[in-house]
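Student: Please go through this structure with me and show how each label is earned from its criterion.

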Amino acid sequence: MPAKILVVDDDAAIRRLLRNTLVRASYTVVEAADAKGALRQAAAEQPSAILLDLGLPDRDGLSIIPLLRSHSDAAILVVSAREAVDDKVAALDLGAEDFVTKPFDTDELLARLRVALRLHQMLGAPPRIVRRGDLTIDLDLRTVSRNEQEVHLTRKEHDVLEVLARHIGRIVTHEKLLSACWGGEEEPRVEYLRIVIRNLRQKLEAPALVGTVIANELGVGYRLRTES
Amino acid sequence: MPDTNPDPGAGRPDPDALLRSAAQEGRGRLKIFLGAAPGVGKTYEMLSEGAARRRDGVDVIVGVVETHGRTETEALTRGHEIVSRRDVPYEGRTLHEMDLDAILARAPRLVLVDELAHTNAPGSRHPKRYQDVEELLAAGIDVYSTINIQHVESLNDIVASFTRVRVRETVPDSVLERAEIEVVDIPPDELIERLRAGKVYLSEEATRALGHFFSRSNLSALRELALRRAAQAVDARMLDDVRALGLGGTWAGSDRIVVAINELPGAEALVRAAKRVADGLRGPWTALFVETPRAAHFTDVQHARVAAAMTLATQLGAAVATVPATSVVEGIQNFLADARATQLVIGKSRRSRWFELRHGSVVDWLIRATPGVAIHVMPVGGTGGREPRGIRPPARWGTPVGYVATGGLIAAITAGGIALQPAFDLGNLALLYLLPVMVGASLYGLRTGLFAGLTSSLAYNFFFLPPVGTLSISNPENVVSVIVLLGIAFATSQLTARVRAQADLATASARTNATLAGFLRQIASVNDPDVAAQMICDDVRRLLDVQVVLLGSPGGTELDVLAASDPGYRLDTMDNAAARWAFDNGVPTGMGSGTLAASGWLFQPLRAGDRVVAVLGVANEAGGQPVRADQQPLLSSLIDQSALVMERLRLQTEMRDVDVVRTRDRLRAALLSSVSHDLRTPLTAVIGAAGELDHGCTPELIGTIQAEAARLNRFVSNLLDMARVEAGAIKLAVEPIDLSDAVTSAAHDARRALEGHPIRLDVPPDLPLVRVDPQLLHHCLLNLLDNAGRYGDPGTEIVIEGSNRYGEVRLAVLDHGPGLPNGSEAEVFETFTRLEGSDRAIGGTGLGLAIVKAFAEAMGMTVEAENREDGAAFTLAFPSALIVREPAPERLT
């Protein structure tokens, strides 16, 4: 049975575009044009994922994320023209899986949606071995290998990579990474993270641009890219 | 200097008179029904005339009328619209006061207001009803009102002198001077008749007090006063007209009257007397207070008396002046000369003959010192002796140290004299005794000097003058020595006291000037209105030791506190109302003023030109008058200067706003012209390609749509960025950034726009972290990459090169192409600069580089452009202040 997606946007043209895209990718689509409709549809239809615009006519989209969370188990993907870092972090903190900035590339949107759905279903049972390209990360054994060759990582590097791998494809905010990896220490600082990420990249990535493994979401956090 | 004009004889309109008549335009007219005594029928007359006006079709209402139950009068109020009174609870009773606001809201053409001299219930807007009337007049409403002659301020003393009844409720003469006056006159006999017939209402209390008030002689005198006062009012109005028209001639009196105010009880009577003199002579008059060193030791009561007299003088239409001088005579003399005054009114206290013998009479001194000035001497109350003395200058009695020092010196001289006696001539010894006398008198004042003189002469007499060991003098010559010692003590101390007094005065005046100068110097360099406001408050607080608030209306409507000297200040509703009143009407309000005096604060307007820019409130923490009379000149100067400063800052802000608006307009115009080009070009391509899709879908068409839409998107985000820059809305969210990370992200995002240009990153992995805003840096890099892609030759490589040299991290974006036109290296960052010759071939508004520069500078970075051998280089420089110290390695492993 195809997954059901709720599209919430006050603009009819965007809704039409998203419906076409999603139907083409064989999802079932329901729509809402405002916050009230979104809550009603989320409760009635129990979608697997919600594509949520933030600029809704009756309420701010951010404010209904917790309500949607309590109404349904859907993965929430924010699709908004807002670029402010604060909004992105707020959306993630409130429980959104991811966000996509308008204007978006439809292929990119579908890829993110797939990840969000997969992650969402996987909750509670994280993978023990994450494979990505020539990388293999064994979360149980705490080993990382590249092209079958074990890569030696420091403890912090391993901690960071592990958190990213558990959420592969998904943004992990700076705060989350810092508290997960430097939680015990007083005043964890972003610069630790920067250096560890830089070291990780040197060890794990080819010196090419395309296909970087660890993506930097500016001002928000990091994401371990899925293969696309 | 006080106003000592007008210039007599000149055919030029007197500006003051013109102003007065201009001020009348748009104001309501006041007509006063003036009676000699209660019961003459003022209210009746007023009501009849009001009724007549109503019959003429004028909109007349009754504001307040006391009919005292008289039937004829009551009958007349019928038919008039009467504004109901306002109930004011006061000490358990309810007082019924005229409802000023209701009348203002009703806005009739004419309002009848009885009893002009009435005192309002405490807590009313104005303490006096005539002030309510002033407000009605200011609102353009005509007013009819009534008053008895004994309530006229300047006649209060005279009436009291022969009726022995003093009324407290008085109306300033200036109110009458602006009014049309109608005397309601009945012969005294008739009034007495009416009184007997019970037609005159008097309260029980008044009946007792007025027992002999209504005697025939009293009533005749009162009637005469009323008639004279009315005639005077007519004269004054005519005079005003003549002056306003500049007819000149003999109208303007050539007499200038000065009244010298003193601190004794009766100073107010002196002012009223001067007013009568001035009126009689039709000359301008000035109330003068000579601030001698003695004034510094006045008691509060004395200060208050001077202040009250000065206030009264202002109310009666006088100019006021305070001049510092060492003595009253000197101050008056100089002022008379400066003001070319011809008449002096001065009070003479009933002092004892002994007092005058010691001090000399000021009046006698003045008569000698000011020939050509007529001097009016008025007896004023109080004998000098009984007046409680202020704190005396400690120097008067000298200090114990002085007595000990001079005593010791005398003892030393005496001992030395005894030891050397045979060798010493007695005359020389007497000379030696001069030493302690001079020292005592000059250093410690008169008393110490006299003490030294007396002790010296006694010692001299006892130890040296034959017969030695007694206080008798055998040789009459030696009596001279004693007298000389005492005389010298006296003369020396007088001389030094005078010099010291002058020095003190000069010091005080210099201190005031220095204070003002310091204040001005400090505040002249301030450019922030908030800082200036705080500085004004703090300085006034420091100089006058009062609580200070400064209120203004930066928004244009609400009156807000701009700054306060103490954060714990409190303004209740009364205080706020007073402040608002001062701001709206440009007059002082609150404690010690005539308006809303129930407020604990004194609010003074800061005026610049004809507008009030702010209101300064001062309050005494201990309660009581906030400002002493001798501090008022300093406060006035501070207020004047503060007003100028605030006005300057306001104009500056206005200018800056105008500048910003102008720049913005210029940008907006340029933007519109280029936006239309840069938005329409890709749109045309998208619309055209989409139309072509009907005829068949080709990868080429889809590519065009995607590329052009991406271009549009890039352009729109640049527009948004520019709008943020222009609105000054760049908010920095600074965090430590790994530049290799930043560059990788930027290159990743730009890869589609740079189709055909391979990107090479040459950023050493060990560059230190820098503290910048990641988003802004990202936009800078995207724009630089975009620019490189646009101006580089097709297919050439774009290089991002990082370096760390001399404590500065640099990031350069290099392209391979024609480079920049020579000399345009700085220009390229200007908004809408598009390089010559390249504009037709390559799209772009030139917004990109302007954004790079604005963002870089906002983050504390610099950006520069230069030509290399085979292309252009754009370099972002991160100064050492932005570089983050490397974290401790143990945090990273």
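The dialogue below sets computed values against the criteria behind the labels.

Student: What kind of model is this?
Tutor: This is a predicted model.

Student: What makes β2-β1-β3-β4-β5 of chain A an open sheet, and which strands are its edges?
Tutor: Five strands of chain A follow one another in that order, with parallel pairing. β2 (28-32) and β5 (98-101) of chain A each have a single partner strand, so one side of each is left without a neighbour in the sheet. Neighbouring strands here are turned by 20° against each other on average, direction ignored.

Student: How do you know that β1 and β3 of chain A are paired?
Tutor: Two strands pair if DSSP finds at least two bridges between them. β1 (residues 4-8) and β3 (residues 49-52) of chain A are joined by four bridges and run parallel, so by the two-bridge criterion they are paired. Within this pair, A:I5 stands opposite A:A49 of β3(A).

Student: Which helices lie on these strands, and at what angles?
Tutor: Helix α1 (residues 12-24) of chain A lies across β1, β2 and β3 of chain A and runs at about 165° to β2(A). Helix α2 (residues 35-45) of chain A also touches β1, β2 and β3 of chain A, and its direction makes about 170° with that of β1(A).

Student: What is the arrangement of the sheet that contains β10, β11 and β12 of chain A?
Tutor: It is an open sheet of three strands in the order β10-β12-β11, with antiparallel pairing. β10 (171-173) and β11 (214-217) of chain A each have a single partner strand, so one side of each lacks a neighbour in the sheet. The average turn between neighbouring strands of this sheet is 30°, direction ignored.

Student: What makes β11 and β12 of chain A partners?
Tutor: Four bridges link β11(A) to β12 (residues 221-224) of chain A in the antiparallel sense. The criterion is at least two bridges, so the pair qualifies. A:E217 stands opposite A:G221 in β12(A). Helix α6 (residues 155-166) of chain A packs on this sheet, touching β10, β11 and β12 of chain A, and its direction makes about 70° with that of β12(A). Helix α7 (residues 174-182) of chain A packs there too, touching β10 and β12 of chain A at about 70° to β10(A).

Student: Why is the largest nonpolar core of 61 residues said to lie between two domains?
Tutor: Domain 1 (4-122) and domain 2 (129-224) of chain A both give residues to this core, so it lies between them. Among the residues that touch the most other members are A:L6, A:A49, A:I50 and A:I76. Helix α8 (residues 190-204) of chain A gives the most to this core, with seven residues.

Student: Which residues does A:I76 touch, leaving out those up to four places away in sequence?
Tutor: A:I76 touches A:I50, A:L52, A:I65, A:L68, A:G95, A:A96 and A:E97. Apart from that core lies another, of 48 residues, including B:V64, B:L112, B:Y144 and B:V183.

Student: Why is helix α5 of chain B called mostly covered?
Tutor: A residue is buried if 20 or more other C-beta atoms lie within 10 Å of its own. Nine of the ten residues of α5 (residues 129-138) of chain B are buried, so the label holds. Among the buried ones are B:R129, B:D132, B:E134 and B:E135. The buried residues pack against β1 (30-35), α4 (100-106), β6 (110-113), β7 (142-148) and α7 (173-177) of chain B. The helix is followed by B:G140, whose phi is positive, near 85°.

Student: Which part of chain B supplies the largest share of the side that touches chain A?
Tutor: The largest share, six residues, comes from α24(B). In total, 24 residues of chain B are in contact with 21 residues of chain A. β19 (735-737), α24 (739-750) and α25 (774-791) of chain B each supply at least two residues of that side of chain B.

Student: What does the record list as "transmembrane region", and what is the secondary structure there?
Tutor: The unreviewed UniProt entry lists residues 401-420 and 426-444 of chain B. Residues 401-420 of chain B are 100% helix and 0% strand, with end C-alpha atoms 28 Å apart. Residues 426-444 of chain B are likewise 100% helix and 0% strand, and their end C-alpha atoms are 27 Å apart.

Technical notes: Residues are numbered from 1 along each chain as its sequence is written. Chains are lettered from A and ligands numbered from 1 in the order in which they are written. This is a predicted model: local features need pLDDT of at least 70, side-chain atom pairs count only at pLDDT 80 or more; totals for chains, interfaces and linings use all residues. UniProt positions are given in the numbering used here, feature names are shortened, and annotations may be inferred rather than shown by experiment. Axes are lines fitted to C-alpha atoms, for helices over the stretch in contact, and angles run from 0 to 180 degrees between N-to-C directions. Two residues are in contact if their C-beta atoms, placed from the backbone, lie within 7 Å. A residue is buried if 20 or more other C-beta atoms lie within 10 Å of its own, exposed if 12 or fewer, and partly exposed in between; C-beta atoms are placed from the backbone. A nonpolar core is a set of buried Ala, Val, Leu, Ile, Met, Phe, Trp, Tyr and Cys residues joined through C-beta atoms within 7 Å. Domain bounds come from an automatic or database domain assignment.
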